[in-house]
Amino acid sequence: MDKKKFEKLVEEALEKLPEEFKEKLDNVTVMVEDRPSREVYEKTGSSPYSLIFGLYHGVPYKHRGPFYGNIPPDVIVIYQEHIERIYSSEKDIRNKVVEVVIHEIGHYFGLKDPRLREIEEELRSRQAAKTKHEKS
């Protein structure tokens, strides 16, 4: 998939966020990169052979106090090549992009991986039910 089309999927995922979350997104940039740098693997302690789909860098919303300001934006990066390495159909790529965007936005709000995995499982269940309903 070309990068512009992939970036559009990321934009669509952000647009689908509930309003109460979108209203609280402040000082955060979402971008697409091909793949993580060596520094990302070092920072996360991940094996250079692992697939990282996205990464959040910044100060979580719940830790921002009254003196938060005049700092560069937080950054959420979505890694296109790693998603496309696992998913080939546009529908599967779109679903994974939505999942990764929600996961990284969850980190922005200060959620930890165990809770985010629960949310992702709920999302996958809803997507599967929707697909089953569309087929019937």
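## Largest pocket

In this predicted model, helices α5 and α6 (113-135) each supply at least two residues of the lining of the largest pocket. Of the two, α6 stands out: with nine residues, α6 gives the most to this lining.

The largest pocket holds about 700 Å³ of space. Its lining counts 23 residues. Closest to the centre are Lys16, Val98, Ile102, Leu123 and Arg126. By class, the lining splits into eleven nonpolar, four polar and eight charged residues.

## Second largest pocket

The second largest pocket offers about 510 Å³ of space. A set of 24 residues lines this pocket. Gly54, His103, Glu104, His107 and Asp113 lie nearest its centre.

Three elements give two or more residues to this lining: β2 (54-57), α5 and α6. Here α5 has the largest share, with six residues. The classes come out as eight nonpolar, eight polar and eight charged residues.

## The sheet

Three strands form an open sheet. Their order is β1-β3-β2, and the pairing is mixed. β1 (28-33) and β2 are the edge strands, each pairing on one side only. From one strand to the next, the twist averages 15 degrees.

Helix α1 (residues 3-15) packs on this sheet. Its contacts there are with β1 and β3. The direction of α1 makes about 145 degrees with that of β1.

## Strand pairing around β3

β1 and β3 run parallel and are joined by six bridges. Within that pair, Val30 stands opposite Ile76 in β3.

β2 pairs with β3 (residues 74-79) in the antiparallel sense, over four bridges. His57 stands opposite Val75 in β3. Tyr56 has Ile76 of β3 as its bridge partner. Ile76 thus appears in two pairings, with Val30 and with Tyr56.

How enclosed is β3 by the rest of the structure? Five of its six residues are buried, so β3 is largely enclosed.

## Gly106 in helix α5

Gly106 sits in helix α5 (residues 90-108). The relative accessible area of Gly106 is 5%. The cut-off for buried is under 20%, so Gly106 counts as buried.

Beyond residues up to four places away in sequence, Gly106 touches Leu111 and Leu116. Pro60 is 46 residues from Gly106 along the chain. The C-alpha atoms of Gly106 and Pro60 are separated by 9.1 Å.

## Lys96 in helix α5

Lys96 also lies in helix α5. Is this lysine buried or exposed? Lys96 is buried, with a relative accessible area of 10%.

Which residues does Lys96 touch, not counting those up to four places away in sequence? They are Phe53, Ile83 and Tyr87.

## His82 in helix α4

His82 belongs to helix α4 (residues 80-86). With a relative accessible area of 4%, His82 is buried.

Its contact list leaves aside neighbours within four places in sequence. On that list are Asp34, Arg35, Pro36 and Tyr41. The list also includes Ser50, Leu51, Ile52 and Phe53. Phe53 is touched by Lys96 as well as by His82.

## Asn27 ahead of β1

Asn27 lies in the loop between α2 (19-22) and β1. Its phi is positive, at about 60 degrees, although Asn27 is not a glycine.

How much of Asn27 is accessible, in relative area? The value is 25%. Buried means under 20% and exposed means over 50%, so Asn27 is partly exposed.

## Points to carry forward

Helix α5 links several of these topics. α5 contributes to the lining of the largest pocket and gives the largest share of the second. Lys96 and Gly106 both lie in this helix.

For the sheet, β3 is the strand that pairs with both β1 and β2. The β1 side is parallel, whereas the β2 side is antiparallel.

Conventions: Residues are numbered from 1 along each chain as its sequence is written. This is a predicted model: local features need pLDDT of at least 70, side-chain atom pairs count only at pLDDT 80 or more; totals for chains, interfaces and linings use all residues. Side-chain values use heavy atoms; hydrogens and water are left out. Buried means under 20% relative accessible area, exposed over 50%, partly exposed in between (1.4 Å probe, protein chains only). Contact means heavy atoms within 4.5 Å. On a 1 Å grid over the protein atoms alone, a cavity is a set of points where a 1.4 Å probe fits but cannot get out, and a pocket is an open set with protein on both sides within 12 Å along at least five of seven lines; lining residues have an atom within 4 Å of a point. Grid points are joined across faces, edges and corners, and a volume is the space filled by probe spheres set on the points. Ala, Val, Leu, Ile, Met, Phe, Trp, Tyr, Cys and Pro count as nonpolar, Asp, Glu, Lys and Arg as charged, and the others, Gly among them, as polar. Two strands pair if DSSP finds at least two bridges between them. Axes are lines fitted to C-alpha atoms, for helices over the stretch in contact, and angles run from 0 to 180 degrees between N-to-C directions.
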